[in-house]
Amino acid sequence: MSNKPLRVAVTGAAGQIGYSLLPRIAAGEMFGADQPVILQLLEIPVEGPQKAMKGVAMELDDCAFPLLDSMSLHDDPNAAFGDADWCLLVGSKPRGPGMERADLLKDNGAIFVGQGKAIDENAADGCRTAVVGNPCNTNVMIAANQAKRLPAENFTAMTRLDQNRAATQLAQKAGVQVTEIGNLVIFGNHSPTMYADFQNATIGGKPVTDVITDEAWLKEQFLPSVGKRGAAIIEARGLSSAASAANALIDHVRDLTTPSDKVHSIAIHSDGSYGFAEGVWASMPVKTTAPGTYEVVHSGFDQNDFGQEKIGLTNDELVSERETVSDMLS
Ligand code: NAX
């Protein structure tokens, strides 16, 4: 094993996504079977989460993962992001009962101001950051805005869980394996306004709309069901998605570090493609051109009036989130 270990910082290490995610990173599922990793774990400076993070680290030790070079545990983002090649920002404050979305945006925004600064000052040159903590599109914008040393393109947010959810729902409706679903992309915000673009997706190489001819189901059941799947999981499990979210982050980073023609959904710094406002972080189709580097895919995703309207709505929400946190952007 001759590769130099990658330094991977993970926030929210004692949380439920962290518990599903960390063993899979240490097992090589994110960065490859010949890539050792150093895990730099961050939790809030509070006794309970710090103690729980130690317990997670003990379990990782007990797995004796050959690829886990070492671990360090932190309560300070400056130390946790030191020389990090990847920062996986999972931890954030959950929405409490009666809390307005604007309050959630501002409370979490403050976390991502601090973490963006800490990444700017401490992470490796070329560090890539992926944000999971919600509201992830706006949180990543805030962090990137603080980290001027690094290009905005190095900051992404996760919509892969939404893509995976949508793929399975289409496959189940059509009665085929999920591997038959192609060209399926999420546009916009990781929120119920997202648009799972079934009109350009394929099933067994044919347009979805040729295989699933029930347009009312696609528009009135499929789309809301993908957008509200997180709430349905909470209703069923009493807890939010964790194993599927960790799995989606594995997919997100693995596909972003593996150059190929495969199209996947990630929320990126908008250059105005697909009509998104410049400078918001919007999910759209990309393909990976070099490890950690992507380009927006333009062909194959033409939008009719319905698609344009949906993209317009999710863009409006992203713009309004940006306005809510404007005092955190310089
Ligand atoms: P948990 O509440 O189980 O864990 C979050 C952990 O983050 C806690 O241990 C907490 O102490 C820690 N934390 C909070 N602020 C921190 C900070 N400033 N620095 C370091 N650690 C901090 O939540 P979990 O289920 O793991 O979910 C984590 C985040 O993922 C939430 O914001 C959640 O909304 C978001 N999700 C995003 C998804 C996506 O598709 N983008 C889907 C799944 C998930 O809902």
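**Figure 1. Asparagine 134 is partly exposed, with a relative accessible area of 33%.** The view is taken from a predicted model. Asparagine 134 falls between the 20% and 50% limits, so the label is partly exposed. Its place is the loop that joins β5 (128–131) to α5 (136–146). Residues up to four places away in sequence aside, asparagine 134 touches Ser92, Asn108, Asn139 and His190. Asparagine 134 is also among the residues that come nearest to the ligand. For scale, the C-alpha atoms of asparagine 134 and alanine 171 are separated by 28 Å. Along the chain, these two residues are 37 residues apart.

**Figure 2. A cis peptide bond runs from asparagine 134 to proline 135.** Its omega is near -10°. Proline 135 lies in the loop between β5 and α5. Asparagine 134 has its place in the loop between β5 and α5 too.

**Figure 3. The ligand sits in the largest pocket.** Which elements give two or more residues to the shell around the ligand? They are α1 (16–26) and α4 (101–122). The ligand has 23 residues around it. Gln16, Ile17, Glu43, Ser92 and Asn134 come nearest. Ser92 is also a residue that asparagine 134 touches.

**Figure 4. Backbone atoms of glycine 12, glutamine 16 and valine 132 lie close to polar atoms of the ligand.** For glutamine 16, a backbone N or O atom lies 2.9 Å from an oxygen atom of the ligand. For glycine 12, the partner is a nitrogen atom of the ligand, and the distance is 3.3 Å. Valine 132 also places a backbone N or O atom 3.3 Å from a ligand nitrogen atom. How much of the ligand area does the protein bury? Taken alone, the ligand exposes 870 Å², and the protein buries 82% of that.

**Figure 5. Glutamine 163 sits in helix α6 (residues 160–174).** Is glutamine 163 buried or exposed? Its relative accessibility is 10%, which is under the 20% limit, so glutamine 163 counts as buried. Neighbours within four places in sequence aside, glutamine 163 is in contact with Leu184, Ile186, His264 and Ser265.

**Figure 6. Isoleucine 233 belongs to helix α9 (residues 229–237).** Its relative accessible area is 23%, so isoleucine 233 is partly exposed rather than buried, the limit for buried being under 20%. Which residues does isoleucine 233 contact, leaving aside its neighbours within four places in sequence? They are Arg165, Gly238, Leu239, Ser240 and Ser241. Isoleucine 38 is 195 residues away from isoleucine 233 along the chain. The C-alpha atoms of this pair are separated by 32 Å.

**Figure 7. Alanine 64 has a positive phi although it is not a glycine.** The angle is about 50°. Alanine 64 is in the loop between α2 (47–63) and β3 (68–74). Its relative accessible area of 60% is over the 50% limit, so alanine 64 is exposed.

**Figure 8. Asparagine 183 has a positive phi and is not a glycine.** Here phi is about 55°. Asparagine 183 is found in the loop between β7 (181–182) and β8 (186–187). With a relative accessible area of 31%, asparagine 183 is partly exposed.

Methods: Residues numbered from 1 in each chain as written. Predicted model: local features only at pLDDT ≥ 70, side-chain atom pairs only at ≥ 80, totals over all residues. Heavy atoms only, no water. Helix = DSSP H or I, 4+ residues; strand = E, 2+ residues; numbered from the N terminus. Buried < 20%, exposed > 50% of the residue type's maximum accessible area, 1.4 Å probe, protein only. Contact = heavy atoms within 4.5 Å. Near = heavy atom within 4 Å. Polar contact = N/O pair within 3.5 Å; in protein donor to acceptor, adjacent residues only side chain to side chain. Areas by Shrake-Rupley, 256 points an atom, 1.4 Å probe, with all protein chains shown as cover. 1 Å grid on protein atoms, 1.4 Å probe; cavity = no way out; pocket = protein on both sides within 12 Å on 5 of 7 lines; lining within 4 Å. Sits in = over half its atoms within 2 Å of the grid points.
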